[in-house]
Amino acid sequence: GSLSVLTGPSGGGKSTVAKLLPRFYEPASGEIRIGGVPLTTRSPEEIRRNIGYVHQKPLLFSGTLAANLRFSRPGATEEEMAEALTRAGLTGFQQALPDGWSQLLGERGSALSAGQQMRLAIARELLKNPALLILDEPTAALDGLSAAEISEFCRNRPIGQTILLITHDRELMNLADRIFLLDRGRIAASGTERELAAASELFRRLIHRKR
């Protein structure tokens with residue numbers, strides 16, 4: 001049920017961590033455990049059913065709204081899809097479209113704004129009710145209003161929803177229960193934003209550059 005942030009300089013290993021958790025990559029040494037259980041004891045398919053992953057440039061298809069959502073959970077009902085949209089901050093989204101669930105989204109979702117694309121990608125992952133939701137730089141390519149909508153989703157996330165954010169966005173950092181500062185593949189420091197700002201020169205330089 002916590003919201004954790006991974007941050008740090010470019011090339012520090014943040015996105016690599018995000019891809020190790022669903023076993024898109026395998027570690028060259030050591031092991032990853034969730035709840036004390038090594039990931040290697042479970043199949044990639046089982047792990048991915050329980051982990052939602054949203055890239056900073058979400059992949060949407062040129063098909064319909066319903067087809068894009070059901071990619072993560074074939075057979076989902078319209079009621080379940082509507083609930084996922086609501087949880088992602090898109091309440092009644094399908095009702096505002098001329099063709100509703102049959103609305104074509106265009107190549108890579110080109111008929112939608114960048115903020116709508118991101119929230120739709122989040123809704124698609126929420127539809128499978130993952131134990132862990134990973135958002136990789138969710139506000140990096142968004143304007144201020146769209147970024148605020150993503151922050152609002154994180155702030156009002158469902159009770160028990162565990163989120164791992166990879167971000168340099170200070171507003172998102174302010175929502176974190178804990179921030180992990182990665183540098184050259186290692187955790188250089190961890191704590192709240194206030195604790196890191198007081199204790200880590202690297203963190204202070206990082207947030208200063210991102211103002």
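Which residue does Glu-201 meet in a salt bridge? Select Glu-201 and Arg-204 in this predicted model: their side chains form a salt bridge, with 2.8 Å from N to O.

**Stop 1: Helix 9**

Extend the selection to residues 201–209, which make up helix 9. Both partners of the bridge lie in this helix, 3 residues apart, or about one turn. Colour the pair by relative accessibility: Glu-201 is partly exposed at 41%, and Arg-204 is likewise partly exposed, at 33%.

**Stop 2: Other salt bridges**

Next select Glu-152, Arg-155 and Glu-171, which are joined into one network by salt bridges that share partners. The structure holds 10 salt bridges, and two further examples merit a visit.

Move to Glu-31 and Arg-33, where the closest N and O atoms of the salt bridge are 2.6 Å apart. Glu-31 is partly exposed, with a relative accessible area of 45%. Arg-33 counts as exposed, because its relative accessible area is 54% and the threshold for that class is over 50%.

Then select Asp-183 and Arg-184, whose side chains meet in a salt bridge at 3.4 Å, N to O. Arg-184 is exposed at 71% relative accessibility, whereas Asp-183, at 21%, is partly exposed.

**Stop 3: The sheet**

Display the strands as a cartoon. An open sheet of 6 strands appears, in the order 4-5-6-1-7-8 and with mixed pairing. Which strands stand at the edges? They are strand 4 and strand 8, the latter covering residues 186–191. Each has a single partner strand, so one side of each is left without a neighbour in the sheet. On average, neighbouring strands of the sheet are turned by 20° against each other, with direction ignored.

Within the sheet, select strand 1 (residues 3–7) together with strand 6 (residues 162–166). The two run parallel and are joined by 4 bridges. Place a label on Leu-6, and Ile-166 of strand 6 will be found opposite.

**Stop 4: Helices against the sheet**

Add helix 6, residues 144–155, which packs on the sheet. Helix 6 touches strand 1, strand 5 and strand 6, and its direction makes about 160° with that of strand 5.

Now add helix 5, residues 114–126. This helix lies across strand 4 and strand 5 (132–136), and runs at about 165° to strand 4.

**Stop 5: The nonpolar cores**

In soluble globular proteins, nonpolar side chains tend to be buried together. Here the largest nonpolar core has 45 residues, and those touching the most other members are Leu-69, Leu-120, Ile-122 and Leu-135. Helix 5 supplies the largest share of this core, with 6 residues.

Which residues does Leu-69 touch, leaving aside residues up to four places away in sequence? Centre the view on Leu-69 to find Met-81, Leu-85, Trp-101, Leu-120, Ala-123, Arg-124 and Leu-127.

Select next Leu-6, Ile-47, Leu-164 and Ile-166, which are among the members of a second, separate core of 14 residues. Leu-6 and Ile-166 were met above as residues standing opposite each other.

**Stop 6: Aromatic pairs**

How many aromatic pairs are counted? The count comes to 2.

For one of them, select Phe-24 and Tyr-53 and display their rings: the centres are 5.7 Å apart and the planes stand at 85°, so the pair is edge-to-face. Phe-24 lies in the loop between helix 1 (14–20) and strand 2 (33–34), and Tyr-53 in strand 4 (residues 51–54), so the pair ties together parts that are 29 residues apart in sequence. Is each ring buried or exposed, and which class applies? Phe-24 is partly exposed, at 42% relative accessible area, while Tyr-53 counts as buried, at 16%.

Finish at Phe-61 and Phe-71, an aromatic pair with 5.1 Å from centre to centre and 55° between the planes, and hence tilted. Phe-61 lies in the loop between strand 4 and helix 3 (65–70), and Phe-71 in the loop between helix 3 and helix 4 (78–87). The pair links distant parts of the chain, 10 residues apart. Phe-61 is partly exposed at 30% relative accessibility, whereas Phe-71 is exposed, with a relative accessible area of 56%.

Conventions. Residues are numbered from 1 along each chain as its sequence is written. This is a predicted model: local features need pLDDT of at least 70, side-chain atom pairs count only at pLDDT 80 or more; totals for chains, interfaces and linings use all residues. Side-chain values use heavy atoms; hydrogens and water are left out. Rings of Phe, Tyr and Trp (its six-membered ring) pair if their centres lie within 6.5 Å; planes under 30 degrees apart count as stacked, over 60 as edge-to-face and the rest as tilted. Buried means under 20% relative accessible area, exposed over 50%, partly exposed in between (1.4 Å probe, protein chains only). A salt bridge is a side-chain nitrogen of Lys or Arg within 4 Å of a carboxyl oxygen of Asp or Glu. Two strands pair if DSSP finds at least two bridges between them. Axes are lines fitted to C-alpha atoms, for helices over the stretch in contact, and angles run from 0 to 180 degrees between N-to-C directions. Contact means heavy atoms within 4.5 Å. A nonpolar core is a set of buried Ala, Val, Leu, Ile, Met, Phe, Trp, Tyr and Cys residues joined through side-chain atoms within 4.5 Å.
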